[in-house]
Amino acid sequence: METLVNLAQHYNYVVTIFLMLAGLYIVIARGNMIKKLIGLSIFQTSVYLLYIEPAKIIGGTAPIIDPAFKVYSNPLPHVLILTAIVVGVATIALGLALVVRINEAYGTVEEAEVLEKDRDR
Amino acid sequence: MSAVWPHLPALQVVVPLLGAVLAAFARSGRTAFVIALLVSWLMPVFAVAILRQTLTAGAISYHLGGWEPPWGIEYRVDVLNAYVIALVSIVGAAIMPFARRSIAFEIEGWREPWFYCMYLLCLTGLLGIAITGDAFNAFVFLEISSLSTYVLIALGANRRALLAAFQYLIVGTIGATFYVIGIGLVYLVTGTLNVVDMAARLGQAWLSQPQTVIAALAFITVGVSLKLALFPLHSWLPNAYAYAPSWVTAFLAATATKVAIYLLVRFYFSVFGAAIEIGALPIADIIVVLSLAAMFIASAIATFESDLKRMLAYSSVAQIGYITLGIGLANQAGLTGGLVHIVNHALMKAALFLSVGAILYRGGGVRLEQLAGVGRKMPLTMAAFTIAGLGLIGVPGTSGFISKWYLAVGAIDGGSWFLVLLILGSSLISIVYVGRVLEIAWLREPAPEIAQAGDPPLSMLLPTLALAAATIYFGFDTELTVGIAGEAAKSLLGGLR
């Protein structure tokens, strides 16, 4: 019971871990390269949440020095994740570009079929 | 010059990055090559200057943009960083002249400027990982080097290179993301990203949140191990090495995995090892067992490979096992052996893959049966291959012997005699696969396809021979490699709790 309450209180982390595992599962279980990339993207996005959640303080503002505000959110994780988002976008873009090239070279984006086509040569 | 000198650590990253931009604007492969060559030859000058400074005056702390650590990003260079930076930049400079003809031969003309652009970006990333003292900054550089590596691999002539690049992209991104998760967990319990600051605060976190610290250690281990191809996380490596352009394979084999190994060493010894009783965790045992598995299983696979590039790729996985074995032993001789092998293996593997590139350039094939008699037609190239191959086995008189000697001494110091036998045993397997190639190349009659072949032009021959010569040189004069590696090992072990 205590565990359940604990999980419910940290439901945001439960969601994050679920997304993490779901993304990783898609990458491993799917043979379609586009789906693999979608899984990879979900996996990366869940990590953005992992960083952002503890940094956000309920009722906190941006860190502006002003006597009117006392509670601030931590800006550093937000900045880090901005960088990570850019990296993620670049990765997915490059991955999709490779899939386009693979589709041109093999006529399919299913990993099993691609491997099959190279086997008989 | 004196105005530039204090900014050497930043130049390590800035110069290749600017070079990459210039190369991207170049219209012809030749212009881009000249830019890449100039940058590659400039980097060792900086690297050696930094190395000298760390050896004489101790660690350098460079505050990027003038922001004090731990708030700003700190480039922190001690002997270990400087050693890795020197390796990467010297290998880059040594093999660069080879690239012009080999790359013009293996990839389409309009892609050449982009190739040099990607190489320089990759160099930026690798040097950046090695020089930064900020864990998240290391992730960004890791991705810069990885993304450009995927492109470099995809430039291979065979369409399988595309699939190899895609598979590496998936695995590499998972690895990098695991690393970020690990860093995120450490940040949650310490509130810092600066590795020195992290080491100072992690001990406190260990008392209150041991599970989080263990999880972080596990994530970082798995993530970085994927990048350094620690067995059994090496699945991406054989295809990536086999289908990438020859020069790219030589560069990656010599530098990319080595920089990832550096990152692992840094976290084990300078961050986690300095803050918590890492010996109480079974991590060293796990590393030793996986290293042994790599040394035996990957070597065994190499003996059954019929494709020379794939064979050498599996041999790389095995040789990485020796390096991680030294890390797992974690005593003065063992760690020195592992760190020395980083340089020794880089030099010999670069020589081997350059020889393969030269054979391809001269119209030969890389399947073993196509290599028949290639030694008689290309004697100097195969001489370099032979020397480096003997280095892989660890024959006395080559640098490979020195690494294995220190590893064996480390194993005895660690009280495990059977490890010495296992190191010897795995060397015997490498005799089989190296010997097989040498027999085919030297003793068989040349095939008609390579009847016209001869040694490649000097621009390709000299780098190959120079690396092979270095394999012999460092087998006799060990003051430079073992001296610096021993110094680095001493400071790493001295920092352990």
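## Ground rules

Helices here are DSSP runs of H or I with at least four residues, strands are E runs of at least two, and both are numbered from the N terminus. This is a predicted model, where local features need pLDDT of at least 70 and side-chain atom pairs count only at pLDDT 80 or more, while totals for chains, interfaces and linings use all residues. Residues are numbered from 1 along each chain as its sequence is written, and chains are lettered from A and ligands numbered from 1 in the order in which they are written.

## Chain A: helices, spread out

Let's start with chain A, which has 5 helices and 0 strands. Read from the N terminus, that gives α-α-α-α-α. Its radius of gyration (over C-alpha atoms) is 20 Å, while the globule rule (2.2 Å times the number of residues to the power 0.38) gives 14 Å for 121 residues, so chain A is more spread out than a compact globule. Along the principal axes, the C-alpha atoms fill a box of roughly 70 × 40 × 10 Å.

Of the 121 residues in chain A, 23% are buried, meaning that 20 or more other C-beta atoms, placed from the backbone, lie within 10 Å of a residue's own (12 or fewer makes it exposed, in between partly exposed). Take the contacts in chain A (C-beta atoms, placed from the backbone, within 7 Å) between residues at least 6 apart in sequence: 43% of them join residues at least 24 apart.

## Chain B: a globule in two domains

Chain B has 19 helices and 2 strands. Its radius of gyration of 21 Å agrees with the value near 23 Å for a compact globule of 497 residues. The C-alpha trace spans about 70 × 55 × 40 Å along its principal axes. Buried residues account for 64% of the 497 in chain B, and 80% of its contacts between residues at least 6 apart in sequence join residues at least 24 apart.

The domain assignment (bounds from an automatic or database assignment) splits chain B into domain 1 (1–281) and domain 2 (282–497). Their centres, taken over C-alpha atoms, are 22 Å apart. Each domain puts 46 residues into the contact between them. On the domain 1 side, helix 3 (79–106), helix 8 (210–228), helix 9 (237–243) and helix 10 each supply at least two residues. Helix 10 gives the most, with 18 residues. By class, that side of domain 1 has 33 nonpolar, 8 polar and 5 charged residues; here Ala, Val, Leu, Ile, Met, Phe, Trp, Tyr, Cys and Pro count as nonpolar, Asp, Glu, Lys and Arg as charged, and the others, Gly among them, as polar.

## Where the chains meet

The contact between the chains takes 26 residues from chain A and 21 residues from chain B. Helix 5 (135–154) and helix 6 (160–190) of chain B each supply at least two residues to chain B's side. The largest share, 14 residues, comes from helix 6. That side of chain B divides into 15 nonpolar, 3 polar and 3 charged residues.

Helix 6 of chain B has 31 residues and reaches 44 Å from first C-alpha to last, close to the expected 45 Å (1.5 Å times one less than its number of residues). Because 29 of its 31 residues are buried, helix 6 is largely enclosed by the rest of the structure. Just after this helix, B:Gly191 takes a positive phi of about 75 degrees.

## The nonpolar core

The largest nonpolar core (buried Ala, Val, Leu, Ile, Met, Phe, Trp, Tyr and Cys residues joined through C-beta atoms within 7 Å) has 228 residues, and B:Ile153, B:Ala165 and B:Ala350 touch the most other members. Helix 10 (residues 246–275) of chain B supplies the largest share, 22 residues. Both domains of chain B join in, with at least three residues from each. Leaving aside neighbours within four places in sequence, B:Ala165 is in contact with A:Leu98, B:Tyr150, B:Ile153 and B:Ala154.

## Backbone oddities

Most residues other than glycine have a negative phi, and most peptide bonds are trans. A few spots in chain B are worth a look.

The loop between helix 8 and helix 9 holds B:Ala229, a residue other than glycine with a positive phi near 60 degrees. B:Ala229 counts as buried, with 28 C-beta neighbours inside 10 Å. B:Pro232 lies in the loop between helix 8 and helix 9 too, and a cis peptide bond with omega about 0 degrees joins B:Phe231 to B:Pro232.

The peptide bond from B:Pro69 to B:Pro70 is also cis, with omega near 5 degrees; B:Pro70 sits in the loop between strand 1 (60–63) and strand 2 (74–77). Finally, B:Ala330 has a positive phi of about 50 degrees, lies in the loop between helix 12 (308–329) and helix 13 (332–361), and is buried, with 24 other C-beta atoms within 10 Å.

Definitions and conventions:
Contact = placed C-beta atoms within 7 Å.
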